[in-house]
Amino acid sequence: MASTAPPPTPELLDLTMDNITPNTIRINAQCPDARLRYLMERLVTHLHDLARETRLSTAEWTAAIQFLTRTGQTCSAVRQEFILLSDVLGLSLLVDAVNHPKPASCTEGSVLGPFHTHDAPVVAAGARLSADPAGEPLLVLCAVRDRAGRPIADVKVDIWETDASGHYDVQHEGRDGPSERGVMRSGEDGGFWFRAIVPVSYPIPTDGPVGQLLQMLGRHPWRPAHMHFMLEKPGWDHLVTAVYVRGDPYEKTDAVFGVKQSLIVDLEPIDDATAAQYGVSLDTKVLRQEFVLASEKETAELRDKNAVEALKSLGLNMKLVDHLPVPDLD
């Protein structure tokens, strides 16, 4: 069988340490997708600069490859070690901040984390999300509103937290179904409520490569007590956030950089009237939280504005295509 001729390819220059970067970029420049071409150009540039600036040794690069290999091998259907790596490097929070900037008064985002699942049960208002008898009972009263204070109905709200031992359900051997999780919808008044347990602080998994990395860096693996929320409705900016219990010892040193001042909440003791209204015991704590959403249009406009200003400050000649920067070659 006759071999097919390869497509036209830029000829490589005599390869040296100094010109390997432009050579790699020239080869990748054949990519027809302008955004992918730009991403690869910047990736190659920064990676090569890292190697040159640090005089990266072969042993160090081999160790890095082995670390990434182990990270992938640790991933499973219920454990995402690469998300955990992104979290501890601060990258997850950065990407969220770039893509979901919040107009004034809107609820800020936080990290998704590696323990969200897609099998949480759909539950009605007032549902009990945790059956852990060791957990301290918590009544959670929430509302979803726009920036003008108007209620937003029929928002899909995904909620998850750990059990009283500080473990998510997927961390337990023999997990036979979801717990400490639920999906519900906001009502016509924008409200939703449920029963849960008071969140506790916990360490991220330390038995994998990310935990080993933290140990080598002299960092602790602990996260402050929190509860995750994800809110979705067409026309509104997707919100991934969490609320953090005030006074937690790890409030200011979260291993995954998720805490923001606006997301720190107080748990209140319950009063007789509230306990009677919601049918809970007097030893229950109360969490009250209002989520303020931005529209997709508001977020897109702010994201574009931030992008243009950032690119100008870097002296880059760029344009936005589908809200993403690419080189402006016109």
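How many cavities of 30 Å³ or more does a search of the whole structure find? The search finds two, and I will come back to them after a word on the model. What we have here is a predicted model, in which local features need pLDDT of at least 70 and side-chain atom pairs count only at pLDDT 80 or more, while totals for chains, interfaces and linings use all residues. Residues are numbered from 1 along each chain as its sequence is written, and side-chain values use heavy atoms, with hydrogens and water left out.

Let me start with the division of the chain. The protein is divided into domain 1 (86–169 + 177–294) and domain 2 (300–329), with bounds that come from an automatic or database domain assignment. The C-alpha centres of domain 1 and domain 2 are 32 Å apart.

UniProt offers another view, with positions given in the numbering used here, feature names shortened, and annotations that may be inferred rather than shown by experiment. Its unreviewed entry lists "domain: Catechol dioxygenase N-terminal" for residues 33–106, and in the model that span is 74% helix and 0% strand, with its end C-alpha atoms 35 Å apart. The annotation "domain: Intradiol ring-cleavage dioxygenases", again from an unreviewed entry, covers residues 113–283, where the chain is 9% helix and 28% strand and the end C-alpha atoms lie 30 Å apart. Helices and strands here are DSSP runs numbered from the N terminus, a helix being H or I over at least four residues and a strand being E over at least two.

Now to the sheets, where two strands count as paired if DSSP finds at least two bridges between them. Four strands, in the order 4-1-11-10, make an open sheet with mixed pairing. Its edge strands are strand 4 (191–197) and strand 10 (268–269), each of which pairs on one side only. Within this sheet, strand 1 (residues 137–145) and strand 11 (residues 285–292) run parallel and are joined by eight bridges, and L141 stands opposite R288 in strand 11.

There is also an open sheet of five strands, again with mixed pairing, in the order 3-2-7-8-9. Strand 3 (181–185) and strand 9 (264–265) are at its edges, and each has a single partner strand, so one side of each is left without a neighbour in the sheet. Strand 7 (residues 226–232) pairs with strand 8 (residues 239–245) in the antiparallel sense over six bridges, and the bridge partner of L231 in strand 8 is L239.

That brings me to the empty space, and the terms need some care. On a 1 Å grid over the protein atoms alone, a cavity is a set of points where a 1.4 Å probe fits but cannot get out, a pocket is an open set with protein on both sides within 12 Å along at least five of seven lines, and lining residues have an atom within 4 Å of a point. Grid points are joined across faces, edges and corners, and a volume is the space filled by probe spheres set on the points.

The largest pocket has a volume of about 710 Å³, and of the 22 residues that line it, R35, L39, V98, N99 and P325 are closest to its centre. Where does it sit with respect to the two domains? Domain 1 and domain 2 both give residues to its lining, so the largest pocket lies between them. Helix 5 gives the most to this lining, with six residues, and the lining divides into 15 nonpolar, four polar and three charged residues. For these classes, Ala, Val, Leu, Ile, Met, Phe, Trp, Tyr, Cys and Pro count as nonpolar, Asp, Glu, Lys and Arg as charged, and the others, Gly among them, as polar.

The second largest pocket has a volume of about 430 Å³. It is lined by 16 residues, with E60, W61, A63, A64 and F67 nearest its centre, and helix 3 gives the most to the lining, with seven residues.

Finally, the cavities. The largest cavity, at about 80 Å³, is lined by 13 residues, of which G113, P114, F115, Y202 and R223 lie nearest its centre. The second largest cavity holds about 40 Å³ of space, and among the residues of its lining are C106, D237 and L239; the bridge partner of L231, as I said, is this L239.
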